[in-house]
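Visitor: Please show me the model, and then let us discuss it by question and answer.

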4 protein chains.
Amino acid sequence: MTLRFALLGAGRIGKVHARAVGSNPQASLVAVADAFEKAATDLASAYGAEVRSIEAIEKAGDIDAVVICTPTDTHADLIERFAKAGKAIFCEKPIHLDAKRVEKCLAVVDKAKATLMVGFNRRFDPHFAAVRKAIDDGAIGTVEMVTITSRDPGPPPLDYISRSGGIFRDMTIHDFDMARFLLGEEPVAVSAHASVLVDKKIGEAGDFDSVSVILETASGKQCIISNSRRATYGYDQRIEVHGSRGMVAAENQRPVSIELANDKGYTRPPLHDFFMTRYIDAYANEIAAFITAVTSGKKAAPSGKDGLVALELADAALKSAKSGKTVRLDKAS
Amino acid sequence: MTLRFALLGAGRIGKVHARAVGSNPQASLVAVADAFEKAATDLASAYGAEVRSIEAIEKAGDIDAVVICTPTDTHADLIERFAKAGKAIFCEKPIHLDAKRVEKCLAVVDKAKATLMVGFNRRFDPHFAAVRKAIDDGAIGTVEMVTITSRDPGPPPLDYISRSGGIFRDMTIHDFDMARFLLGEEPVAVSAHASVLVDKKIGEAGDFDSVSVILETASGKQCIISNSRRATYGYDQRIEVHGSRGMVAAENQRPVSIELANDKGYTRPPLHDFFMTRYIDAYANEIAAFITAVTSGKKAAPSGKDGLVALELADAALKSAKSGKTVRLDKAS
Amino acid sequence: MTLRFALLGAGRIGKVHARAVGSNPQASLVAVADAFEKAATDLASAYGAEVRSIEAIEKAGDIDAVVICTPTDTHADLIERFAKAGKAIFCEKPIHLDAKRVEKCLAVVDKAKATLMVGFNRRFDPHFAAVRKAIDDGAIGTVEMVTITSRDPGPPPLDYISRSGGIFRDMTIHDFDMARFLLGEEPVAVSAHASVLVDKKIGEAGDFDSVSVILETASGKQCIISNSRRATYGYDQRIEVHGSRGMVAAENQRPVSIELANDKGYTRPPLHDFFMTRYIDAYANEIAAFITAVTSGKKAAPSGKDGLVALELADAALKSAKSGKTVRLDKAS
Amino acid sequence: MTLRFALLGAGRIGKVHARAVGSNPQASLVAVADAFEKAATDLASAYGAEVRSIEAIEKAGDIDAVVICTPTDTHADLIERFAKAGKAIFCEKPIHLDAKRVEKCLAVVDKAKATLMVGFNRRFDPHFAAVRKAIDDGAIGTVEMVTITSRDPGPPPLDYISRSGGIFRDMTIHDFDMARFLLGEEPVAVSAHASVLVDKKIGEAGDFDSVSVILETASGKQCIISNSRRATYGYDQRIEVHGSRGMVAAENQRPVSIELANDKGYTRPPLHDFFMTRYIDAYANEIAAFITAVTSGKKAAPSGKDGLVALELADAALKSAKSGKTVRLDKAS
């Protein structure tokens with residue numbers, strides 16, 4: 001069986017998903033919609049798809065699933081529309097920047113019994129997935145402490161930052177999802193510190209660029225997250241899980257893995273400089289998992305609920321950073 | 001411009017090249033030929049190509065280039081036929097196991113002014129290519145000593161070995177090509193030792209499974225090659241180039257790069273266990289280079305001559321291993 | 001000039017310092033004191049020193065400096081006695097578990113104009129010192145975020161824990177000193193989480209075995225500390241400093257650095273399993289630095305004040321872990 | 001029991017051995033002899049030893065063992081003298097540059113039933129010893145192929161080279177001993193290539209600076225050795241042993257093991273730049289092993305015979321490099 005896709009949003013991340021759909025033998029890209037007609041046309045023609053309006057896709061009988069890559073503030077509305085239209089939905093994170101709006105959206109999805117998967121791509125990275133598998137295999141015993149280091153090569157444009165919901169909701173949210181993925185238990189307490197060290201303009205825009213977070217679960221498991229909007233050596237993405245019987249870690253990936261030795265020492269090239277090349281396999285595996293979920297009828301993961309909880313952790317972290325208090329999630333809800 | 005391909009031979013390596021052609025935006029796979037009709041049909045249908053006979057491909061007006069993946073003993077004949085037919089030719093190594101036959105074949109190619117590229121895929125591995133680039137950039141000064149370690153996860157079937165021309169012509173030949181690629185100067189002397197350490201049956205079939213080779217160029221640059229038909233830890237493929245100002249090396253690649261630490265120590269998973277997964281990028285880059293050569297009119301490399309010289313080094317190594325003497329190539333010719 | 005030492009306390013850490021003094025060409029070990037006479041006699045005879053009482057050492061004309069390795073609750077008293085006696089003092093950390101008592105002790109030291117150095121040995125590890133030097137050399141620009149991972153192979157005996165002052169004052173205190181050493185700016189805010197994950201009896205004794213701490217300086221620099229009383233793979237001691245222009249890190253040290261590859265993967269042996277073998281060079285360098293300070297008249301570092309500030313950070317971390325609030329040190333004092 | 005030593009030769013390597021003796025609790029350095037009186041006096045006074053003549057040491061009742069660190073051409077004579085004088089003998093390699101003279105010397109040692117150990121320090125490096133132990137433990141199955149990479153930071157003075165016996169007898173001889181140590185079977189065939197790539201003056205002095213060697217044992221095990229008199233990145237000393245069930249390797253050691261990451265990539269400092277710092281532990285372990293052999297009455301290893309066989313391999317390699325033929329040792333003897 002081939003799953004027939006429509007892609008909503010032909011921008012940067014839309015292209016990534018188009019490629020993932022296009023190269024998956026169990027999928028075909030049937031339609032592309034974008035407010036900018038040229039973007040839609042270019043992407044559609046590259047994959048032998050048609051340009052269609054969102055309305056046309058909503059009504060189409062030859063579309064099984066949609067991939068939502070439009071601007072963030074349209075996600076919740078589109079999810080609701082396509083849930084009602086009976087399509088399976090893959091939506092880029094976040095569903096919405098407001099947790100209340102997310103809850104309302106998920107209620108609609110539930111009522112429609114629609115399949116919804118949220119784009120936390122890192123779970124599908126082969127190396128991070130292998131860490132999860134090692135935990136599941138009992139290789140490190142009981143998980144005790146998770147360490148996540150996540151640094152971008154450089155800050156995004158200021159106008160992006162002003163629309164992003166802030167570093168916790170835009171960047172750390174991926175790490176909150178990874179923390180839950182690796183801890184295997186819900187965090188109930190969050191302490192966060194946040195500074196402006198990279199660019200003062202980020203601070204003037206009301207955001208931070210450097211954050212440290214501690215999460216704690218009910219049983220006392222801990223997770224540390226370190227974020228920076230700057231890393232001169234590339235896209236720094238590491239996870240480490242410490243348990244009662246050992247530790248498992250995934251190191252950074254490099255596009256070229258040679259080493260040069262001379263009188264200055266031993267030098268390896270920098271890391272990937274862009275999340276799309278770093279996570280190219282993850283994006284392909286993510287769409288494949290979505291297809292499997294839809295065609296097998298299994299529950300899609302990460303779910304809308306996963307998206308909501310990660311957002312709640314981001315909200316709690318922001319509140320903690322501003323208040324100087326540990327925020328408890330069990331009491332908050 | 002799109003280059004229109006026919007694929008001759010739909011076996012294991014044929015499938016690798018079909019994928020490389022099929023996923024290249026500048027290429028289309030038009031036809032597939034194979035003595036086993038089902039193999040041809042399956043592969044053709046997967047890429048929207050037709051099944052055709054070799055004769056039909058020879059005469060076809062809609063075919064620009066052929067990829068030859070048929071059994072070794074047919075390579076030279078097919079190269080000659082398609083050179084005369086005016087097609088650009090990509091041929092898997094080796095052209096023939098007999099250097100005299102290769103010379104004759106190359107004369108036909110020259111006379112036809114045909115484009116011929118030989119499948120030494122390792123030159124196109126991104127990491128090995130980066131080593132070559134570092135040398136070209138002057139990062140290590142003058143090349144002095146090259147070390148190539150190349151070990152297979154396990155020996156091939158005995159019937160393959162009996163048809164292979166022996167380990168030097170089948171396996172070490174890749175390392176001879178890498179040696180020339182990295183030394184930047186022709187080897188003129190070869191010393192080789194060869195043993196049967198992995199499987200006595202390989203010895204009974206008249207071959208070796210473990211070899212060490214030293215190559216030396218006219219200016220005294222040296223290259224060491226170490227081969228084994230066995231490596232429990234995976235497909236071991238390393239190169240190291242030592243020069244007057246430094247050293248550059250490409251380490252092994254791993255499909256999963258996690259590390260597990262416990263009371264036994266720190267453990268990383270084994271290497272790739274198959275040349276096709278290890279060199280998946282190399283095969284894609286190789287076909288891309290062939291397409292660029294054909295469409296731009298530039299000289300294809302590695303050329304038929306490169307194939308011939310690597311074979312002559314293999315012949316010399318075998319002669320050295322059997323005679324206990326260094327074989328000089330400058331005097332031999 | 002040779003500095004003449006007396007050693008107070010001939011236990012485990014006393015032996016470490018005896019060796020450091022004994023093998024330093026600028027030092028001689030003249031006397032050893034210990035409540036257990038056999039311990040004193042054994043150690044003294046191994047280094048050609050005499051056994052003396054503390055009183056005798058206090059009055060001795062042939063002793064320039066003392067190394068205090070007695071139980072923690074005697075440190076402050078002994079420091080005061082030997083400061084008044086005109087000896088240079090090297091004291092194992094901590095000076096006292098009560099910050100008020102430390103302050104009073106330091107006032108006595110100041111009044112006596114005595115030289116006092118506190119035993120934060122990690123500053124003298126060659127690798128950690130090289131990290132500090134890289135920072136000083138400008139290699140990473142402005143320091144932004146420090147990450148310290150510090151895990152013991154296993155928990156100490158329960159009776160030790162009950163006398164230790166708790167994990168923050170006993171174990172994390174080393175990391176607080178390293179944080180200050182690396183941040184180059186005083187932490188002003190501390191958030192900590194603490195759990196009992198390793199051994200319930202540690203919790204019953206009123207202590208924790210797993211902690212995560214965030215420190216923040218006035219300018220917003222952050223430091224993360226991760227501690228566990230358990231690490232199956234050995235004594236885990238890592239630091240990483242992220243700055244505006246790069247990152248510098250010191251990885252773990254191993255007593256044996258071979259690697260074994262087989263069908264299970266690539267395995268390196270575990271880390272050092274004991275702080276004394278891990279930090280053997282650090283202890284030697286530490287005593288050498290003390291000798292240099294005394295003989296050159298330069299200020300000894302880490303100073304008594306450094307000991308006090310690390311203790312205050314430990315107190316703040318404990319308060320934060322218990323209260324669920326960030327503790328500010330600028331307001332606290 | 002304490003072994004009482006005399007040191008013959010107070011030069012560079014003499015100082016290394018004096019320290020090893022001086023810091024060993026089972027040894028005491030009683031006397032030092034050197035043609036240059038000041039060298040003898042300085043070294044003797046640093047260790048509380050006396051300066052004595054060789055004759056006085058020969059007759060002394062308070063000397064159990066001698067360490068011979070005098071110029072190479074005096075080794076065989078001194079060994080014979082002290083064997084007859086009933087002293088245990090540790091002699092720096094080589095015994096003599098002429099194998100015939102070595103044989104004659106060893107006959108004298110045998111007749112005197114003297115203990116003689118030859119200074120192949122690398123066997124005592126903790127990492128190389130751990131490789132040998134892994135082999136003994138069966139970790140890699142049957143040894144098949146050994147790879148030894150050994151490169152000096154830079155060439156020695158030309159006058160040293162002219163007295164050294166050539167690169168095979170001076171430098172590669174260490175690798176020949178390591179090859180025997182790791183192969184566990186005698187090499188019977190040697191093929192070598194030798195060039196002058198580093199400094200033409202070395203060639204004018206009749207020597208080489210870059211060599212590649214293949215050794216083969218009777219059962220077909222192979223060993224590759226790569227030597228250069230130049231390595232800009234430090235003292236390059238690696239071994240790798242490939243077997244039927246796996247591979248074990250010892251990587252290079254570094255004095256400082258930090259890593260700096262920036263926009264140029266990830267850089268670790270260069271290796272040790274001097275054999276004495278690289279092998280400081282090996283020298284201490286070597287003397288300890290000698291002491292154990294003497295005091296326990298066990299056979300000292302490496303023995304005089306080990307010194308002779310390594311020299312014969314060096315002679316064979318030189319002959320092979322010059323003749324272009326594999327030299328067989330079983331036929332040669």
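Guide: A word on the annotations comes before the questions: UniProt positions are given in the numbering used here, feature names are shortened, and annotations may be inferred rather than shown by experiment. Residues are numbered from 1 along each chain as its sequence is written, and chains are lettered from A and ligands numbered from 1 in the order in which they are written. The model is predicted, with local features needing pLDDT of at least 70, side-chain atom pairs counting only at pLDDT 80 or more, and totals for chains, interfaces and linings using all residues, while side-chain values use heavy atoms and leave out hydrogens and water.

Visitor: Which residues of chain A are covered by the annotation "domain: GFO/IDH/MocA-like oxidoreductase", and how far apart do the end C-alpha atoms of that span lie?

Guide: The UniProt record, an unreviewed entry, places this annotation on residues 128-248 of chain A. Helices (H or I, at least four residues) and strands (E, at least two) are DSSP runs, numbered from the N terminus. By that assignment the span is 31% helix and 36% strand. Its end C-alpha atoms are separated by 10 Å.

Visitor: What are the helix and strand shares of the span annotated "domain: Gfo/Idh/MocA-like oxidoreductase N-terminal"?

Guide: According to the unreviewed UniProt entry, that annotation covers residues 3-120 of chain A. The end C-alpha atoms of residues 3-120 lie 21 Å apart. The shares are 43% helix and 24% strand.

Visitor: In what order do the strands of the open sheet in chain D run?

Guide: Two strands pair if DSSP finds at least two bridges between them. The pairing in this sheet of 6 strands is parallel, and the edge strands, each paired on one side only, are β3 (50-51) and β6 (116-119) of chain D. The order is β3-β2-β1-β4-β5-β6.

Visitor: Which residue of β2 in chain D stands opposite D:R4?

Guide: Strands of a sheet pair through backbone hydrogen bonds, either parallel or antiparallel. In chain D, β1 (residues 3-8) and β2 (residues 27-33) run parallel and are joined by 6 bridges. Opposite D:R4 stands D:S28.

Visitor: Where in chain B do the partners of the salt bridge between B:R81 and B:E58 lie, and how many residues separate them?

Guide: A salt bridge is a side-chain nitrogen of Lys or Arg within 4 Å of a carboxyl oxygen of Asp or Glu, and the whole structure holds 117 of them over all chains. B:R81 and B:E58 meet at 2.7 Å, N to O. B:R81 belongs to helix α4 (residues 75-84) and B:E58 to helix α3 (residues 54-59), distant parts of the chain with a separation of 23 residues.

Visitor: Is B:E259, which meets C:R268 in a salt bridge, buried or exposed?

Guide: The pair crosses between chains, from strand β13 (residues 258-262) of chain B to strand β14 (residues 265-268) of chain C, with 2.8 Å from N to O. Buried means under 20% relative accessible area, exposed over 50%, and partly exposed in between (1.4 Å probe, protein chains only). C:R268, at 25%, counts as partly exposed. B:E259 has a relative accessible area of 19% and is therefore buried.

Visitor: How many residues apart in sequence are the parts tied together by D:R169 and D:D315?

Guide: The closest N and O atoms of this salt bridge are 2.7 Å apart. D:R169 lies in helix α8 (residues 167-183) and D:D315 in helix α12 (residues 304-323), so the parts tied together are 146 residues apart.

Visitor: Which C-alpha of chain D is nearest the axis that relates chain D to chain C?

Guide: Copies are superposed by least squares on the C-alpha atoms of residues with pLDDT of at least 70 in both. A rotation of 180 degrees with 0.0 Å of shift along its axis lays chain D on chain C with an RMSD of 0.0 Å, which is the relation of a two-fold axis. At 4.2 Å from the axis, the nearest C-alpha is that of D:S23.

Visitor: Which three residues supply 30% of the area that chain D buries against chain C?

Guide: Contact means heavy atoms within 4.5 Å, and 23 residues from each of chain D and chain C take part. Buried area is the accessible area (1.4 Å probe) that two parts lose on being put together, summed over both; here it is about 1500 Å², of which carbon and sulfur atoms give 57%. Between these chains the count of salt bridges is 0. The three residues, supplying more than any other three, are D:M247, D:S257 and D:I258.
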